[in-house]
Amino acid sequence: MSFRPDSVLLDKGVVRRIYEARVRAALGAPPTPLQSEAANVYALLRARGLQPCITEQTAHILERRPPVFAAALLNQTLTLRKARYLRRWARRLRDFVFSPEDAVIIAYGSFGLDLQTGQVGVEAVITNDNHMAINYRTRYAEINERFEAMVNGLTEPYHELKLPHIVTATEALAAL
Amino acid sequence: MERLVVEADGKVVIPPEVIHRRGLRPGDELSLVEAAEGLLVYQGGVDAETAAWLAGLSEEERRLAEAEARRYEDLSEEDKDAIWSEGEESIETDAEGDEIELPTR
């Protein structure tokens, strides 16, 4: 598996495990395997000079956590905003049996906007949710067809948008 | 990615350059995880980013982090789930007011 993306969105579950690895480190306790996996993915992405992206919801959650844990994560990540049509695409993704939360994170992969650079969408979404990743890959052809139909009916900047890859943290760690 | 060979007695030798790169020392623990994708070896202890974060804390911040960590670890899984579910995003049409129109190029 080749995995050398220039832009990556971490889903909330991955950020949670990175955060919790730090909580355990503060207590002198080793991370659990899930926490270790997420924290190692994060470390490898950072070592490659990538600034991982997070969603607005994840940023809001971190903003309400103690700054001693959350401030560094907020400083080291980019918070994507929702470009127009993100929710419309998320609603259509629900037809492929994604939960609303899964649909939103996948839609951020195409319609998440980095206000600093103007970049829209990311190459890969990294998740802990195996079920979501498998469902996405299994139905990718149908999803892509639906996506193309939607964006081709929109005005100019939108029809250049792409679907992201959905990669589990385990896969990312093995491939980075 | 590195390839490891299992020897007759079950031992696996990690290439010296990997040992050097990862800062492994005799006695360090590694975790072996049986995942759907195969066997994964995780470096025990703390990853480089977490270690750097911890090392960057002042004494006062460390005490604060420890106290906050105890509070967090004392929460039930349900309480932790609730924290990480705050502010779930609606995908309904009437929530679309905060979406940003992309500029035409």
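Tutor: Two residues are in contact if their C-beta atoms, placed from the backbone, lie within 7 Å. This is a predicted model, where local features need pLDDT of at least 70, side-chain atom pairs count only at pLDDT 80 or more, and totals for chains, interfaces and linings use all residues. Residues are numbered from 1 along each chain as its sequence is written, with chains lettered from A and ligands numbered from 1 in the order in which they are written.

Student: How many residues does each chain bring to the contact?

Tutor: Chain A brings 47 residues and chain B brings 40 residues. On the side of chain A that touches chain B, α2(A) has the largest share, nine residues.

Student: What makes α1(A) a helix, and how does its reach compare with the expected one?

Tutor: A helix is a DSSP run of H or I with at least four residues, and α1(A) has 15 residues. The expected span is 1.5 Å times one less than the number of residues. For α1(A) that is 21 Å, and its first and last C-alpha are 21 Å apart, close to expectation.

Student: Why is α1(A) called mostly covered?

Tutor: A residue is buried if 20 or more other C-beta atoms lie within 10 Å of its own (exposed if 12 or fewer, partly exposed in between). In α1(A), 15 of its 15 residues are buried, so the helix is called mostly covered.

Student: Which helix gives the most to the largest nonpolar core?

Tutor: Such a core is a set of buried Ala, Val, Leu, Ile, Met, Phe, Trp, Tyr and Cys residues joined through C-beta atoms within 7 Å. The largest has 67 residues, and I18(A) is one of those touching the most other members. α1(A) gives the most to this core, eight residues.

Technical notes:
Helix = DSSP H or I, 4+ residues; strand = E, 2+ residues; numbered from the N terminus.
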